[in-house]
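Work through the exercises below with the sequence and the model at hand. Try each task before reading its solution.

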Amino acid sequence: AADPADFVAAVDGRIAAMARAHSLLAVSGWAGVDLRRMATDELAAWDQGNRVLLSGPAIAVRAEAAQAVSLALHELTTNAAKYGALSTPGGTLSLDWRVGDGHLHLDWRERGGPPLAGPPTSRGFGTELLHGTVTRQLGGELTQTWNPAGLDCALILPPDTWEAGEIAVSSHRSSHTSAGQSPGYSRPPAPAGRGHHPSCGG
């Protein structure tokens with residue numbers, strides 16, 4: 001950001017996103033972070049009047065990937081709030097996720113924001129950070145499509161960044177992990193093999 005105040009706000013927002021992931025990890029005893037909870041926390045400020053819809057199975061983001069996934073969601077949310085669907089009162093956002101071919105697929109879809117003429121002529125720092133976080137840090141893939149009606153963004157995360165199922169929280173624990181406890185996952189059998197998945201480009 002050119003303005004120093006904007007730059008400070010952007011940095012603060014990114015630090016806050018990673019801090020939220022850290023707090024959720026502490027609550028789970030570093031077993032992982034529930035994806036729905038992570039997305040809900042990031043989008044809470046805009047989830048009014050059914051503007052935000054989250055849909056998908058129980059997924060636990062692995063501890064080592066949690067801050068990176070949280071940062072990616074933060075960059076998408078910030079962009080939507082500045083330029084996309086969350087920048088206008090009538091805009092809506094949906095985030096759907098599913099497991100396929102051993103990978104986690106996330107589909108981010110914005111509608112009702114300012115009309116888009118096409119992709120931006122250059123990448124800003126936030127977009128570069130988003131791509132670097134998904135492709136280099138997480139080893140995933142990212143595609144952004146600037147439709148006239150709104151941005152579509154598809155992320156594919158490899159199997160070493162997540163697990164299917166909910167994080168099991170002991171009934172002995174309210175908001176913090178008791179000493180000596182190491183809660184695990186309650187999950188169905190893992191998807192069969194990594195398989196092939198389409199390239200996202202980007």
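A residue is called buried when its relative accessible area is under 20%, exposed when over 50%, and partly exposed in between (1.4 Å probe, protein chains only). By that rule, buried residues make up 39% of the 202 residues in the protein chain. The model is predicted: local features need pLDDT of at least 70, side-chain atom pairs count only at pLDDT 80 or more, and totals for chains, interfaces and linings use all residues. Residues are numbered from 1 along each chain as its sequence is written, and side-chain values use heavy atoms, with hydrogens and water left out.

**Exercise 1. List the elements of the protein chain from the N terminus on.**

Step 1. Helices (H or I, at least four residues) and strands (E, at least two) are DSSP runs, numbered from the N terminus.
Step 2. The count for the protein chain is four helices and 10 strands.
Step 3. Their succession reads α-β-α-β-β-α-β-β-α-β-β-β-β-β.

**Exercise 2. Give the strand order of the open sheet of three strands, and find its edges.**

Step 1. Two strands pair if DSSP finds at least two bridges between them.
Step 2. The order is β1-β3-β8, and the pairing is antiparallel.
Step 3. β1 (33-34) and β8 (162-164) each have a single partner strand, so they stand at the edges, with one side of each left without a neighbour in the sheet.
Step 4. Strand β3 (residues 59-61) is joined to β8 by three bridges, and I59 stands opposite A164 in β8.

**Exercise 3. Describe strand β2 by its faces and by its pairing with β4.**

Step 1. In a regular strand the side chains alternate between the two faces of the sheet.
Step 2. In β2 (residues 52-55), V52 and L54 form the covered face, while L53 and S55 form the uncovered one.
Step 3. β2 and β4 run parallel and are joined by four bridges; L93 in β4 is the bridge partner of V52.

**Exercise 4. Classify the packing of α2 with α3.**

Step 1. Axes are lines fitted to C-alpha atoms, for helices over the stretch in contact, and angles run from 0 to 180 degrees between N-to-C directions.
Step 2. For α2 (residues 35-43) and α3 (residues 63-82), the angle is about 40 degrees and the axes are 10 Å apart.
Step 3. Angles under 35 degrees count as roughly parallel, over 145 as roughly antiparallel, 65 to 115 as roughly perpendicular and the rest as oblique.
Step 4. α2 and α3 are therefore oblique to each other.
Step 5. With contact meaning heavy atoms within 4.5 Å, L35, M38, A39, E42 and L43 in α2 meet A66, V69, S70, L73, H74 and T77 in α3.

**Exercise 5. Repeat the classification for α3 and α4.**

Step 1. The axes of α3 and α4 (residues 125-137) come within 9 Å and cross at roughly 150 degrees.
Step 2. The two helices, α3 and α4, are therefore roughly antiparallel to each other.
Step 3. From α3, the contact uses A68, L71, A72, E75 and L76; from α4, it uses G126, L129, L130, T133, V134 and Q137.

**Exercise 6. Locate D101 and state its phi and its exposure.**

Step 1. D101 is found in the loop between β4 (92-100) and β5 (103-111).
Step 2. Most residues other than glycine have a negative phi, and most peptide bonds are trans.
Step 3. D101 is not a glycine, yet it has a positive phi of about 55 degrees.
Step 4. With a relative accessible area of 43%, D101 is partly exposed.
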